[in-house]
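Dear colleague,

Please find below the sequence and structure that I am handing over to you. I would be grateful if you would read the notes beneath with the coordinates open.

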2 protein chains.
Amino acid sequence: MVTIKDVARVAGVSPSTVSRVVRGQGKVGKKCRAKVQKIIEEMGYRPNTNARALVSQRAELVGIVTPALHKPFFGSIAFGAEKASRLTSYQVMMRNSQNDPDLEVDAINSLREHGCENMILHSKFGDADTLKSLADKIPGLVFINRFLPEMASRCVWLDNVSGGRLAADYLFKQGHREMAIVSFNSNNEDQIDRINGVKQGLTARGLTLPEANIVLREDAGPDVNNMQEYCTHAVNELLSRDVSFTAIIAYNDEMAIGIMNALFDLGKNVPEDISVIGFDDLDIAQKCRPALTTIHYPIVEMAEYATKLSLQMTLEKEEVIGRTHLFMPTIVERKSVKKIDVV
Amino acid sequence: MVTIKDVARVAGVSPSTVSRVVRGQGKVGKKCRAKVQKIIEEMGYRPNTNARALVSQRAELVGIVTPALHKPFFGSIAFGAEKASRLTSYQVMMRNSQNDPDLEVDAINSLREHGCENMILHSKFGDADTLKSLADKIPGLVFINRFLPEMASRCVWLDNVSGGRLAADYLFKQGHREMAIVSFNSNNEDQIDRINGVKQGLTARGLTLPEANIVLREDAGPDVNNMQEYCTHAVNELLSRDVSFTAIIAYNDEMAIGIMNALFDLGKNVPEDISVIGFDDLDIAQKCRPALTTIHYPIVEMAEYATKLSLQMTLEKEEVIGRTHLFMPTIVERKSVKKIDVV
DNA sequence: CTGTTAGCGCGTTCAA
DNA sequence: TTGAACGCGCTAACAG
């Protein structure tokens, strides 16, 4: 391993000078700089990041903590963060939290031991006080996909209410007047927002959504293991209630597909018999048949933005306060919603 | 930040003693150890990994380099590696290579600057010489999903030939006698192996696969951007050749789904009219309809194994040479293959 | 069993 | 414009 001393010796200068050349800072004579630069390249010298982190008390590290990286939604967060980091000299370090608040704290702490000051945290279940105390210690901590009013300027999140409204509006424009919702009932606030958005959209059109048209289950959250089973139960439940609807609004794409499958298994056609709309716009939404009409969640862009925000918070003087970072979803029209002629 | 000196001062001992307690090594008096331990916990002391890495010349880091983390297959590699790392004190650092050999080398080098000695590399296009010279410098470099004969003991890979054979065998048992293959034609050796496997399977049954039943395209590899378009073209091509077959063997699940969609768009039913079989067993395979019969690729287990292997190579004395690490695929039976009664 | 010393590679003073 | 000296937090070698 070639060190700064090696370069200095060969170049006939002091380590300090090499250091100045490497960092492009400080006054160095023109000729001297060129010579040192040349030798650096010849010897293939690369600064030791550990030594740097030690002396400067900051590692150029972006930490990512998400529930499970093999899920495309979270993989996209990692992808976006890496994309943004690559523009700088920062590296990405990651940990899965498995949605366990304790593991989450473990993950964060172990990242901190590495001098990681920049972190993107996807936490749905960590309690606000814990997160607040973490944020006080970690200057570059940013929350993705969660809104904490007391730390609004660190939150990069999506307007789920708008997403719900978008779904209701779109269905209305396609001629639908009676809709149903299949979602979860957990601590996760996203689905509450999405449902409220749907209700708002309908109210604005002078329509209402009967409570019987909403299917929720107490014992499940978005990370339920057997999604298909859950959806099959939910669809059966909905049909057994004997309420009327022409479209189902799903909590997300995964559920939408589970619902389409359940309907398929019951011999019902989507969208001919029943329309279905999703949320997230995962890859799978364009790969299933019928291709899923859904609400696009710009997660890669959000992760890139979150990473840049985090970097800005630690690198620049100006505080990024007084505003939050709210992204807007959009609708992606595909084939799972039928156009109904309004009489 | 609380340092080893702080703990030493409060405990009334020397930093070395604290160090011994922390690492659980060396001789420390029973009472002394207990006291130091208590103070460590009270003060919330955590060793600075950068200082450790600096002095020991090795960081406890597992680096992962894959083409693109937002794809579930690669996300699963990261997931598996993290899962294995979490059992130790190692952290995971990751980079996307975007299938670009230059970016790949960049990624590896920047990982090395962090003292990362353990790396899991998913490289399909890096040339053998480059990889060999990398391997000489990086003691814990492991290749996943690639076989390099000269570095066999560092390769954790899948028996693609067996996978192809498995597909052919299964189809044969379901009564199929005439099959078609839709795949790619790039430098990637996987598809060649898989096709050879299919041929082997058929040969063993006394059957042959006419070349006209194989559709490949020169200008595309597994990372083709518009998979659906590619599959639609491929299916049209196959049908226009007017060859006879009852089942299509796809290169992977993504293609299989593209093929099913193309058939669907042409008004053909899977599996009633044509059977389809995939490869990989991604999440999507069980979520599409008909659910996809496919060859299971145990990628998470392989990534875990690769990580442990890498750790073993750097931590333990015994060399892990003289054998390679070949995983076997299995078949997962779902709904996309029709059972044909053999007359 | 415990403490002292030295040094990992680097950035940051402060003198020259 | 350049160099020498110091210390970041820790471990290893040695001394006691």
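The notes that follow concern the DNA contacts and then the nonpolar cores.

Please bear in mind that this is a predicted model.

DNA strand D has 26 residues around it, and those that come nearest are Arg20(A), Gly29(A), Ile4(B), Tyr45(B) and Arg52(B). Of the strand D atoms that come within 4 Å of the protein, 67% belong to sugar and phosphate. By type, the residues of this surface comprise 10 nonpolar, nine polar and seven charged.

Two contacts from chain A reach the bases of DNA strand D: a polar side-chain atom of Ser16(A) lies 2.8 Å from a base nitrogen, and one of Arg20(A) lies 2.5 Å from a base oxygen. In chain B, a backbone N or O atom of Asn48(B) is placed 3.1 Å from a phosphate oxygen of the strand. Two or more residues each are given to the surface near strand D by α2 (15-23) and α4 (49-56) of chain A, and by α1 (4-11), α2 (15-23) and α4 (49-56) of chain B. The largest share, four residues, is that of α2(B).

As to the interior, the largest nonpolar core holds 151 residues, of which Ile248, Met255 and Ile259 of both chain A and chain B touch the most other members. Helix α13 (residues 299-315) of chain A supplies the largest share of this core, eight residues. Beyond its neighbours within four places in sequence, Ile248(B) contacts residues including Val182(B), Leu238(B), Ile259(B) and Ile277(B). A second, separate core has 42 residues, among them Ala59(A), Ala135(A), Leu141(B) and Met151(B).

With kind regards

Terms used. Residues numbered from 1 in each chain as written. Chains lettered and ligands numbered in written order. Predicted model: local features only at pLDDT ≥ 70, side-chain atom pairs only at ≥ 80, totals over all residues. Heavy atoms only, no water. Near = heavy atom within 4 Å. Polar contact = N/O pair within 3.5 Å; in protein donor to acceptor, adjacent residues only side chain to side chain. Nonpolar A, V, L, I, M, F, W, Y, C, P; charged D, E, K, R; others polar. Core = buried A, V, L, I, M, F, W, Y, C linked by side-chain atoms within 4.5 Å. Buried < 20%, exposed > 50% of the residue type's maximum accessible area, 1.4 Å probe, protein only. Contact = heavy atoms within 4.5 Å.
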